[in-house]
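The following exercises are to be worked through with the sequence and the model at hand. Each task is followed by a solution in steps.

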Amino acid sequence: MSKILIVEDESAIADLERDYLELSGFEVDIENSGISGLDAAIHKDYNLVVLDLMLPEMDGYEVCRRIREEKDIPILMVSAKKDDIDKIRGLGLGADDYMTKPFSPSELVARVKAHLARYERLVGTNPKSINDIVEIRGIRIDKTARRVYVDGEEKVFTTKEFDLLTFLAENPNHVFTKEELFREIWDMESIGDIATVTVHIKKIREKIEKNSTKPEYIETIWGVGYRFKV
Ligand code: CA
């Protein structure tokens, strides 16, 4: 269930807003000052804030600005004066919507629903990734999920191919000899065959390069080794 925070010092208005939002299935809390509203918005888990402009202790402009520094939840600003809306816009506070009092409660509910739906779409298609990602031009390496995408298309890599590509991509423009790469990725200097590196580079190129004979990413430095170009 979505949780809404109403920051409003006039209790009659706050109660009316809450009643309508609760009737629509939302869970609602009310804070009646700027400071307590800001504190709740930042420290509790709300999906949307309905924020009055004229508030005791700290006005809605400042509350909005400070919430935005911490959170990207939708903020619907409410004001008694039409002129304020231009000011809110002009200040670029990051509010998502503005309503002037008096408004009909059903209009409030409709706007709250629209902003929640929009926000969920946004978050759904563009999740804040907690994964460790290396991204260079069209190549996206998700180190956490151990997946590689080339121009948005996933390519399948073996463990060593993945490790080698990631190592090169994380150290771009640095030339590594085959010996160095072998030591780094295979970690068994004495029994290894550095030709393995060449084989793996070839396999990686087949997956990431449009034309493996003219590589755009992993460049061969003749007589030295390889380098990931940026
Ligand atoms: Ca007020």
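**Exercise 1. Determine whether Arg 146 is buried, partly exposed or exposed, and describe its backbone.**

Step 1. Arg 146 has a relative accessibility of 40%. The classes are buried (under 20% relative accessible area), exposed (over 50%) and partly exposed in between, with a 1.4 Å probe and protein chains only. Arg 146 therefore counts as partly exposed.

Step 2. The model is predicted: local features need pLDDT of at least 70, side-chain atom pairs count only at pLDDT 80 or more, and totals for chains, interfaces and linings use all residues. Residues are numbered from 1 along each chain as its sequence is written, and side-chain values use heavy atoms, with hydrogens and water left out.

Step 3. Arg 146 is not a glycine, yet its phi is positive, at about 50°. Its place is the loop between β7 and β8 (147-150). Helices (H or I, at least four residues) and strands (E, at least two) are DSSP runs, numbered from the N terminus.

Step 4. Asp 151, a residue other than glycine, likewise has a positive phi, near 50°. Asp 151 belongs to the loop between β8 and β9 (153-155) and counts as exposed, at 54% relative accessibility.

**Exercise 2. State in which order the five strands of the open parallel sheet are arranged, and which helices lie on the sheet.**

Step 1. The order is β2-β1-β3-β4-β5. At the edges are β2 (27-31) and β5 (97-100), each of which pairs on one side only. Two strands pair if DSSP finds at least two bridges between them. From one strand to the next, the twist averages 20°.

Step 2. Within this sheet, β1 (residues 3-7) and β3 (residues 48-52) are joined in the parallel sense by four bridges. Leu 5 has Val 49 of β3 as its bridge partner.

Step 3. Helix α1 (residues 11-23) lies across β1, β2 and β3 and runs at about 170° to β2. Helix α3 (residues 60-70) packs on the sheet and touches β3 and β4 (75-79), its direction making about 175° with that of β4. Contact means heavy atoms within 4.5 Å; axes are lines fitted to C-alpha atoms, for helices over the stretch in contact, and angles run from 0 to 180 degrees between N-to-C directions.

**Exercise 3. Identify the residues that coordinate the calcium ion, and explain what the site ties together.**

Step 1. The donors are Asp 9 (OD), Asp 52 (OD) and Met 54 (O), at 2.1 to 2.3 Å. Donors are N, O and S atoms within 2.8 Å of the metal (3.2 Å for Na, K and Ca); water is not among the atoms, so sites may look incomplete.

Step 2. The spacing of these donor residues in sequence is D-x42-D-x1-M. Because Asp 9 lies in the loop between β1 and α1, and Met 54 in the loop between β3 and α3, the pair ties together parts that are 45 residues apart in sequence.

Step 3. Asp 9 is partly exposed, at 32% relative accessible area, whereas Met 54 is exposed, at 56%.

**Exercise 4. Name the buried residues of helix α2 (residues 34-43) and decide how they are placed around its axis.**

Step 1. The buried residues are Gly 34, Gly 37, Leu 38, Ala 40 and Ala 41.

Step 2. Viewed down the axis of α2, these residues fall within an arc of 165°, so they line one face of the helix. The arc is that of the directions from the helix axis to the C-beta atoms.

Step 3. Among the elements covering them are β1, β2, β3 and α3.

**Exercise 5. Describe how β6 and β7 are paired, and which residues form the two faces of β6.**

Step 1. β6 and β7 (residues 139-142) are antiparallel, with four bridges. Val 134 stands opposite Ile 141 in β7.

Step 2. The two strands form a hairpin with two residues between them, and Arg 137 in the turn has a positive phi of about 45°.

Step 3. In β6 (residues 133-136), Val 134 and Ile 136 make up the covered face, while Ile 133 and Glu 135 make up the uncovered one. In a regular strand, side chains alternate between the two faces of the sheet.
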